[in-house]
Every structure is written in C-alpha cells, then in structure tokens.
Amino acid sequence: MKRIREIKPELVKEELLEKYPSKIAKKRAKAILINDPENVQEIQSNVRTIPGIITQRGCTYAGCKGVVLGPTRDIINITHGPIGCGFYSWLTRRNQTKPESDSDKNYMTYCFSTDMQDENIVFGGEKKLAQAIREAYEIFNPPAIAIFATCPIGLIGDDIHQVAKEAKKELGINVFGFSCEGYRGVSQSAGHHIANNGLLLNLVGNDDTPKEGTFKVNLLGEYNIGGDGFAIDKLFTECGITLVSTFSGNSTVQMFEQSHMVDLNVVMCHRSINYIADMMEDKYGIPWFKVNFIGAEATKKSMMKIAEYFGDADLIKKTKEVCDAKIKEVTSFLEKVKPTTEGKLAMLFVGGSRAHHYQELFKEMGMKTIAAGYEFAHRDDYEGRAVLPDIKVDADSRNIEEISVEKDPVKYDESKQQLKAKLSTNGFEFSDYDGMMPEMDHQSLVIDDISHYESEVLIKKYKPAVFCAGIKEKYAVQKMGVPLKQLHSYDYGGPYASFEGAMNFYRDIQRMVGTNIWNLVKAPWVEEPELMGEVTSEAV
Ligand code: CFM
C-alpha cells in the first residue's frame with residue numbers, strides 16, 4: 001500500500017494522455033477523472049468512441065438482442081441480417097434459464113437468423129424475413145417472435161415492423177420488431193433503451209391474471225448471468241416475497257405480460273432498465289427504487305428496504321432473521337479469506353453497472369478499488385440521478401425513440417402512489433441512484449470507455465492484484481502478469497449475487513490473488529520484443 005501512496009494520480013492521468021494527439025487528448029481528458037467523493041465532478045460519457053481507439057464497447061444490436069431480450073426463453077429471437085451477427089450473439093453470455101417442466105418452451109440454445117446474402121442486400125430482405133418467421137412458427141409454435149435489425153437492414157431500409165404486423169395477423173401470435181441496428185447509438189446502451197420501449201409496447205400489461213402472493217415485486221435489470229437471478233429468487237422466497245417477473249433473467253412471455261400486477265419494482269442494473277421502471281410508474285403507478293444484490297451488506301440493505309416498503313411487521317422480522325443468519329455465515333467465511341486479500345488492489349472496467357456493484361465485494365474482502373469505469377454508462381450512473389436534468393441530449397441520443405407513456409385509465413393504481421408519497425415524507429427514497437463516484441475513494445481514478453492503451457498504462461503503473469473486465473481484455477492483461485476476472489460471464493463461475501454468491505466470489509478472488517504464479521508470467525514480447533515470421537503463399 002505504501003507504494004501506491006507514492007503514485008500521484010495526476011501524473012498517471014498525464015501519462016495516459018501524453019501519447020495521444022492533442023485533439024484526442026483533450027477529448028479523453030474529460031473522461032478521465034481523479035475522484036473526489038465529496039465534490040462529484042462531471043464526467044464525459046455516452047459519447048462516440050474516437051475511431052482508431054481500441055474500445056471495450058459493443059453495439060446497439062448487442063444491447064437489445066443479446067442483453068435485454070436474450071435471456072427470455074420462449075420468444076424466438078430472429079436476427080435479421082448476415083449470419084455473423086446472429087452467430088456472435090448466440091449463447092455468448094451465460095444467461096441461465098430453468099423451464100418449469102420438460103414440455104415448457106425454451107429456445108435459448110438456438111440461434112435464429114435470416115442469413116442475408118448479397119442478393120438480399122441488393123433486392124431487399126423483407127420476403128426472406130417473412131418466410132423465416134413462417135418457418136420458425138411452423139417448426140416451433142412459439143407464443144411470440146421478435147425480429148432484430150442489424151446494420152445492413154437499416155441501410156437498405158427493410159421495414160421489419162410492417163413484416164411483423166403482417167405476420168402477427170397471419171399467424172395469430174405476437175410478432176414485433178426492434179430497430180436496433182448496430183450503428184444506431186454510440187454503444188449497446190442505445191439497444192437497452194430500444195428494448196425497453198419494445199417490451200412496454202408489445203408485452204407488459206397484456207395479461208391481468210394476478211399471481212398469488214402477498215408481497216409482489218418485479219426485479220428489473222437482472223439477467224441471470226451465472227445463475228445470479230436464481231440466487232436472488234431463493235432469497236426472496238425464504239423471506240416471503242413473491243417475484244412476479246425478472247427483466248429479463250429466466251423470464252417468459254407470460255411473466256412480462258403479467259408484470260404490471262405487482263406492488264413494487266426494484267432495479268438492479270440501473271443503466272439497462274431505468275426506462276421501463278419509469279414508464280411502468282407513469283402507466284401503472286408502480287413505484288421503484290434501486291437495489292443491489294452484489295455484496296453481502298448491500299444484499300441485506302436491499303432486502304430490508306423491500307420489507308420496509310411493505311411495512312409488514314412479520315415480513316420485516318423474517319427478512320431480518322434470514323439476512324442476519326447469512327451475514328454471520330459470510331463473516332466467518334471472510335475471516336478465512338481476508339489474510340490473503342486484505343490491502344490488495346483491484347481495477348474494474350465493465351459494462352454499465354458492475355464496475356460499481358462489484359466494488360462492494362472487494363471492500364468486504366478488504367481490497368481497494370484504485371481505478372474503475374464503465375464501458376457505456378451515462379452521467380447518472382457515475383454522478384447520480386440528480387444530474388439528469390443537466391444531461392445534454394445530443395444528436396446520437398436523439399436518434400433513439402422516446403415513447404410517450406400515459407396513465408392507463410383502468411390499470412393505473414393510485415394507492416401505490418399514495419403509499420410512495422407517505423413513505424417519502426419519512427425519508428424513504430424512491431426513483432433513486434446515487435451513482436458510482438460518491439462511493440469511490442478520494443484520489444481513485446474514474447475512466448469512462450477506457451481504451452486498451454490506457455488499461456496497459458494503468459496496469460504497468462499500479463500492478464493491481466486483479467483486473468476485472470471481459471474476454472476481449474482477458475489474455476492481453478494476463479500476459480502482463482495480472483489475473484483477469486471476467487465480470488460479464490464470470491469465467492464460468494458464479495453465481496455472485498446474494499449471500500451465497502458473495503462467498504463464491506470471495507473464494508474465486510482469493511484463489512486468483514493468493515497465488516504467486518502471475519509473477520512468473522513473461523509475455524513473449526517481453527523476452528523477445530521482435531517476433532519474426534515467414535509468410536508463403538501459393539497460387540491455386
Ligand atoms: Fe447491466 Fe448487465 Fe451491466 Fe449491461 Fe452488459 Fe452484462 Fe455488463 Mo456484459 S445489462 S450494464 S450491457 S449489468 S452484458 S448482464 S455483464 S456489459 S456490467
């Protein structure tokens with residue numbers, strides 16, 4: 001730790017920018033901040049990545065099809081586009097699902113695509129799409145089919161919504177499209193927004209059958225990566241809370257359709273799902289607040305807040321009992337882990353919420369997050385929702401449809417808003433998210449849309465005990481002698497949510513930071529800076 005105190009973050013920032021041409025350095029400087037939790041500064045985020053910089057980001061199609069709609073098991077998701085887009089979004093995240101019986105529909109292991117060819121690009125692909133929908137319907141008989149537009153579809157102007165409308169009439173099932181072309185936004189974040197709009201317009205509120213249960217909630221922004229959603233479900237059940245729908249881990253069409261029949265929405269990943277939370281409040285009067293099930297203390301805090309919202313003495317008592325017992329287990333587990341982890345450094349550069357949430361787990365292990373950042377989050381995820389009115393809407397954001405939502409004349413429930421008003425006067429917070437920066441240490445580095453080059457500089461400077469990112473970064477970082485923990489797919493580990501997940505995470509990190517093997521790693525280019533090779537070609 002002493003060595004860290006000697007590294008001046010101002011100088012690190014200078015070094016990060018030094019190699020860039022001056023115009024680019026000026027732009028990047030606004031995305032690299034030295035944190036002051038008391039005085040949260042404005043960070044540049046949700047803007048276009050500078051061409052030529054190696055970014056961690058994905059595309060709008062990935063955010064819509066892969067992230068938000070991907071985990072729903074009984075919608076047939078057809079990628080309208082060249083086969084590569086479908087293939088690379090096929091099972092590339094570790095969403096898990098558990099059909100209730102063997103006869104339940106589950107298409108998550110399939111990959112559906114129109115496989116657009118040159119002539120379809122020239123003459124249009126609408127007929128091919130209509131045919132693909134028909135074929136999928138005949139073979140699988142699904143309750144719903146969704147269509148996802150990729151870049152070339154937007155460029156040639158296929159009207160996927162018209163095709164969907166006609167298919168819906170012809171087949172008598174729900175068919176709808178998403179204009180989520182990869183280029184439509186600056187990152188996958190645009191795809192989340194488009195997906196949220198589509199879910200609300202096409203599924204939410206279609207079925208008024210109430211689910212049995214006294215305390216009914218939806219869990220928004222939990223995608224069941226590595227079984228996280230299962231771990232949270234289990235905890236809810238133990239405490240007596242009924243989960244009606246998760247958006248969208250382990251979900252089904254029916255769950256979305258009945259999701260307006262709840263008392264409360266809780267939001268896990270704010271970045272990807274805040275739109276639905278707000279729209280469901282406007283339309284049905286359902287209040288929402290932010291929760292976090294990553295970290296044992298955060299889990300307890302979130303569970304207690306849910307119980308307190310309902311205000312039922314038995315529920316509060318039961319929830320407290322369950323959480324206290326688990327915390328006891330976690331604490332004794334931590335005692336064994338901490339001698340290895342205490343005082344070590346972590347860096348997290350992931351997505352739009354995990355770079356924040358996972359700092360909780362490192363804190364519990366006594367580790368220090370020296371630098372963190374999101375790939376595609378917005379200012380509110382860094383600075384808190386209080387800045388929402390100040391966020392400038394630029395041309396890229398204007399490109400994404402804002403749908404206007406009105407109070408549902410029949411299904412809007414005034415009593416939920418009355419309860420919200422009553423609780424708010426006692427300081428209970430709703431529609432809240434304070435963001436990552438107020439919770440990070442003074443002088444830690446906060447970097448938005450970090451580039452590969454910047455990661456390398458950070459690693460050389462600080463030599464963290466663990467670097468958290470994704471598969472694209474993993475092997476480059478590990479060749480520098482630093483273990484990389486994937487926080488998108490969990491390196492096939494997990495779950496990491498809830499109390500049981502916290503212990504899984506402590507164990508996995510203890511293993512990674514407790515071994516000396518990383519000091520023995522020498523990348524080939526360190527030993528032999530220049531690699532020589534020969535290329536031969538033979539004319540065929
Ligand atoms: Fe939300 Fe996600 Fe994330 Fe995200 Fe993602 Fe993901 Fe992520 Mo990968 S919805 S913002 S677009 S928590 S796929 S399940 S792990 S980058 S931090």
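1. In this predicted model, helix 13 makes the greatest contribution to the lining of the second largest pocket, supplying 6 residues. That helix spans 270-284, and the other elements that give two or more residues to the lining of this pocket are helix 10 (188-202), helix 17 (379-383) and helix 18 (395-398).

2. The second largest pocket holds about 940 Å³ of space, and its lining is made up of 37 residues. Asn-46, His-378, Ile-391, Val-393 and Ser-397 are the lining residues that lie nearest the centre of the pocket. By residue class, the lining of the second largest pocket comprises 12 nonpolar, 12 polar and 13 charged residues.

3. The ligand is surrounded by 14 residues, of which Arg-93, His-192, Cys-269, Ser-353 and His-488 are the closest. Sorted by class, the shell around the ligand consists of 6 nonpolar, 6 polar and 2 charged residues.

4. Turning to enclosed space, the structure contains 2 cavities of 30 Å³ or more. The largest cavity has a volume of about 90 Å³, and the residues that line it include Lys-27, Arg-28 and Ala-31, then Gln-44, Val-47, Arg-48, Thr-49, Ile-50 and Ile-53, and also Asp-448 and Asp-449. The lining of this largest cavity divides into 4 nonpolar, 2 polar and 5 charged residues; among the lining residues are the lysine Lys-27, the arginines Arg-28 and Arg-48, and the aspartates Asp-448 and Asp-449.

5. The second largest cavity encloses about 30 Å³ of space. Its lining is formed by Leu-219, Glu-222, Asn-224, Gly-229, Phe-230, Asp-233, Thr-246, Gly-249 and Asn-250. Two elements, strand 6 (216-222) and helix 11 (228-239), each provide at least two residues of the lining of the second largest cavity, and helix 11 has the largest share, with 3 residues. In terms of class, the lining of the second largest cavity comprises 2 nonpolar, 5 polar and 2 charged residues.

6. How many disulfides does the count come to? The count comes to 0 disulfides, and the pair formed by Cys-64 and Cys-180 deserves a comment here. Cys-64 takes part in no disulfide, and the nearest cysteine sulfur to its own, that of Cys-180, is 3.9 Å away. Seen from the other side, the cysteine sulfur closest to that of Cys-180 belongs to Cys-64, and the two are not counted as bonded because 3.9 Å is too far for a bond, the cut-off for a disulfide being a pair of cysteine sulfur atoms within 2.5 Å.

7. Is Cys-64 buried or exposed? Cys-64 counts as buried because its relative accessibility is 0%, and buried means under 20% relative accessible area. Cys-180 is likewise buried, with a relative accessible area of 0%.

8. Lys-23 offers a contrasting case of accessibility. The residue is placed in helix 3, which covers residues 22-29, and Lys-23 is exposed because its relative accessible area is 73%, exposed meaning over 50%. Lys-23 and Glu-335 are separated by 312 residues in sequence and, taken from C-alpha to C-alpha, by 50 Å in space.

Notes. Residues numbered from 1 in each chain as written. Predicted model: local features only at pLDDT ≥ 70, side-chain atom pairs only at ≥ 80, totals over all residues. Heavy atoms only, no water. 1 Å grid on protein atoms, 1.4 Å probe; cavity = no way out; pocket = protein on both sides within 12 Å on 5 of 7 lines; lining within 4 Å. Points joined across faces, edges and corners; volume = space filled by probe spheres on them. Helix = DSSP H or I, 4+ residues; strand = E, 2+ residues; numbered from the N terminus. Nonpolar A, V, L, I, M, F, W, Y, C, P; charged D, E, K, R; others polar. Buried < 20%, exposed > 50% of the residue type's maximum accessible area, 1.4 Å probe, protein only. Near = heavy atom within 4 Å.
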